[in-house]
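Here is a short report for a reader meeting this structure for the first time. It moves from a single loop residue to the helices, the core and the metal site.

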Amino acid sequence: MKRLLLLTALIILAMFSLADARVKVKGRGNNMTFDPDSVSPSVRPSLDLLSRKCVKCHSMEWTVIAIQTGRAPITGQPFDKQAVKAYGIKMLRKPNTDMSKQEIREIVILLNHLIDENRK
Ligand code: HEC
């Protein structure tokens with residue numbers, strides 16, 4: 001019994017240390033988003049923008065996976081700062097994104113910030 005407890009504690013500890021290495025998220029499925037506490041206050045308004053605008057066609061999960069793993073989940077391309085910029089431009093060109101150039105710019109800055117946070 002004691003052993004089992006120890007094992008459970010170890011597994012939980014391992015999970016926490018793994019989670020710590022990555023930028024934190026809140027919620028699950030369609031409600032998933034980056035934890036506002038894990039980004040600097042200056043980009044929090046952009047996080048709000050991201051949570052509203054980037055879930056129109058797909059859930060936040062793709063963005064979270066891309067940031068946390070450094071790989072875009074659909075195309076399998078590396079998701080670095082270069083890719084963020086390219087994706088931003090791609091978004092601008094997509095019809096019905098309902099986003100202005102300024103909003104895309106803000107989100108690109110935020111995603112770059114998240115990439116940095118994730119590497120810490
Ligand atoms: C107009 C619909 C639409 C909106 C709005 C949208 N996306 Fe996407 N997104 C897509 C589609 C479609 C794909 C599938 C691959 C592609 O076309 O790039 C995708 C793919 C992705 C991927 C995976 C890219 C890859 O190469 O695997 C990420 C990350 C992503 N979107 C993030 C975002 C972010 C961040 C926003 C907000 C700025 C956003 N999306 C808003 C339609 C949208």
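Ser38 counts as buried, because its relative accessibility is 15% and the cut-off for buried is under 20%. This holds for a predicted model. Ser38 sits in the loop between β2 and α2. Neighbours within four places in sequence aside, Ser38 is in contact with Val23, Lys24 and Glu117. Glu117 is a distant partner along the chain: Ser38 and Glu117 are 79 residues apart in sequence. In space, their C-alpha atoms are 7.9 Å apart.

**Overall build**

The protein has 120 residues, and buried residues make up 33% of them. Its secondary structure consists of five helices and two strands. Along the sequence the pattern reads α-β-β-α-α-α-α. Take the contacts between residues at least 6 apart in sequence: 56% of them join residues at least 24 apart. The protein exposes about 8,400 Å². Carbon and sulfur atoms supply 59% of that area.

**Helix α2 and its two faces**

Which residues of α2 are buried? They are Ser46, Leu47, Leu49, Leu50 and Lys53. These residues lie on the same side of α2, because they cover an arc of only 160° around the axis. The face turned away from this buried side carries the exposed residues Pro45 and Arg52. The buried residues of α2 pack against β2 (33-34) and α5.

**The nonpolar core**

The largest nonpolar core has 26 residues. Those with the most contacts inside this core are Phe34, Leu50, Ile67, Phe79, Ile107, Leu111 and Leu114. Two or more core residues come from each of α2 (44-53), α3 (61-69), α4 and α5. The largest share, seven residues, comes from α5. In soluble globular proteins, nonpolar side chains tend to be buried together.

Leu111 shows how such a residue is surrounded. Apart from neighbours within four places in sequence, Leu111 is in contact with Leu50, Thr63, Ile67 and Val84. Leu50 is also one of the buried residues of α2.

**The iron site**

Which residues coordinate the iron atom of the ligand? His58 does so through NE2 and Tyr87 through OH, at 1.9 to 2.0 Å. The pair links distant parts of the chain, with their positions 29 residues apart in the count. His58 is in the loop between α2 and α3, whereas Tyr87 is in helix α4. The site of the iron atom is octahedral, with six donor atoms and angles of 73 to 180° among them. Ideal angles for six octahedral donors are 90 or 180 degrees. Tyr87 counts as partly exposed, because its relative accessibility is 31%.

**Two unusual loop residues**

Most residues other than glycine have a negative phi. Asn96 has a positive phi although it is not a glycine, and Asp98 has a positive phi too, again without being a glycine. Asn96 is found in the loop between α4 (81-93) and α5 (101-119). Asp98 is in the loop between α4 and α5. The table lists their values.

| Residue | Phi | Relative accessibility |
|---|---|---|
| Asn96 | about 65° | 63% |
| Asp98 | about 60° | 54% |

Are these residues buried or exposed? Asn96 is exposed, because its relative accessible area is 63% and the cut-off is over 50%. Asp98 counts as exposed as well, at 54%.

How values were computed
Residues are numbered from 1 along each chain as its sequence is written. This is a predicted model: local features need pLDDT of at least 70, side-chain atom pairs count only at pLDDT 80 or more; totals for chains, interfaces and linings use all residues. Side-chain values use heavy atoms; hydrogens and water are left out. Helices (H or I, at least four residues) and strands (E, at least two) are DSSP runs, numbered from the N terminus. Buried means under 20% relative accessible area, exposed over 50%, partly exposed in between (1.4 Å probe, protein chains only). A nonpolar core is a set of buried Ala, Val, Leu, Ile, Met, Phe, Trp, Tyr and Cys residues joined through side-chain atoms within 4.5 Å. Contact means heavy atoms within 4.5 Å. Donors are N, O and S atoms within 2.8 Å of the metal (3.2 Å for Na, K and Ca); water is not among the atoms, so sites may look incomplete. Four donors count as tetrahedral if all angles lie between 85 and 135 degrees; four count as square planar and six as octahedral if opposite donors are over 155 degrees apart and all others between 65 and 115; anything else is irregular. Accessible areas come from the Shrake-Rupley method with a 1.4 Å probe; for residues, only the protein chains shown count as cover. The arc is that of the directions from the helix axis to the C-beta atoms.
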